[in-house]
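Here's a quick look through one protein model, written for someone who likes geometry with their coordinates. Have the structure open while you read.

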Amino acid sequence: MEIPGEMEIPGRRIFRNVRIFWNVRNVRIFRIIRIIRIIQDIRNIRFLREIPIKKKKKNVMNPTDRNNHFGRNAKLIAFDADDTLWDCQSWFNRVEEDYCRLLAPWASAEEVSRQLFATECRNVPLTGYGVKAFTLSLVENAVTLTEGRIEADRLLQIQRLGLSLLSIPATPLEGVETALRHLRQRGCYQLAVFTKGEIQDQEGKLLRSGLWPLFDRVVVVADKQERQYRELCRQLGIGMDELVMVGNSFKSDIEPVLKMGGRAIYIPFHTTWAHEQTEEYGHENLIVLDEISQIKNFL
């Protein structure tokens, strides 16, 4: 006996109807009704099998959404200086070329450069980064390479060659000023220069560039590792997840920030000091740009 309103599984009802069909042979009308119901149930099962299963869409952020969300909750946009705001390494490369020519009587340019880099790496923990540290390495390497036979006047030329880097023009790279003004007009973030090197040298370049008024804070440190980034955030009262670092050095500007949960925008420069070269990789908190003008698409 069927209970009104009770729902049955179609397959189970088929077998029950078939059994009743054979047991009630003398009731032809009843038999016809049962046949119709069996056919309907079979059609229902076929229909259920053919219903497409809707798969739940994965929560994947498309590029447009990523653009709109990258700067969310950010409070500080920090910029590296050298080779991010202005060209610097190209000037160092030219000085090194002149330096190799001065030492040509004693060694090939390749050997001079190789030994100079080894000297720089050995001195960095003691002298730090910057023009003066570089100049000390130039002089030391010249004396070592020539076994003390280099003339005093040639050493003086090397010293002056190194110190000439203290007066490079620091002309802003194309698109830098426009990008900074765009961020200031938005009014959503603090803007800072966060760079390593010698304070007097870095501040001098920033003044000559004309970009200083566009920044809220200028911070020059001896090195840029996790400790310095942590201190920057502490001084400004923000969390690492509220920092976006913009720079050209994956080793100094990008990797430490990503490791600490911050966000970074990597803008490679056409030349990089060998000491700053490291393995690069992708990351969900990283955006790589060809030029700084593209930053407006993300912040």
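What follows covers a sheet, a helix pair and one loop residue.

Keep in mind that this is a predicted model. Let's start with the sheet: it is open, has six strands in the order E3-E2-E1-E4-E5-E6, and pairs them in parallel. Strands E3 and E6 sit at the edges with a single partner strand each, so one side of each has no neighbour in the sheet. On average, neighbouring strands are turned by 20° against each other, direction ignored.

Zooming in on one pair, E1 and E4 run parallel and are joined by four bridges. One residue to click on there is Ala-78, whose bridge partner in E4 is Met-245.

Here are the residue ranges of some of the strands:

| Strand | Residues |
|---|---|
| E1 | 76-79 |
| E3 | 217-221 |
| E4 | 243-247 |
| E5 | 263-266 |
| E6 | 286-288 |

Now the helices. H5 (residues 109-127) packs against H6 (residues 131-145) at about 130°, and their axes are 9 Å apart. That angle makes H5 oblique to H6, and the crossing is right-handed. Among the residues making the contact are Val-112, Leu-116 and Arg-122 of H5, along with Phe-134, Leu-138 and Glu-140 of H6. Sorted by class, the contact has seven nonpolar, six polar and three charged residues.

Finally, is Glu-276, in the loop between E5 and E6, buried or exposed? Glu-276 is buried, because its relative accessible area is 10%, and the cut-off for buried is under 20%. Leaving out residues up to four places away in sequence, Glu-276 touches Tyr-129, Lys-196, Ser-249, Lys-251 and Ser-252.

Notes. Residues numbered from 1 in each chain as written. Predicted model: local features only at pLDDT ≥ 70, side-chain atom pairs only at ≥ 80, totals over all residues. Heavy atoms only, no water. Axes fitted to C-alpha atoms, helices over the stretch in contact; angles between N-to-C directions. Helix = DSSP H or I, 4+ residues; strand = E, 2+ residues; numbered from the N terminus. Parallel < 35°, antiparallel > 145°, perpendicular 65-115°, else oblique. Left-handed = near helix turned anticlockwise from the far one by under 90°. Contact = heavy atoms within 4.5 Å. Nonpolar A, V, L, I, M, F, W, Y, C, P; charged D, E, K, R; others polar. Buried < 20%, exposed > 50% of the residue type's maximum accessible area, 1.4 Å probe, protein only. Pairing = 2+ DSSP bridges.
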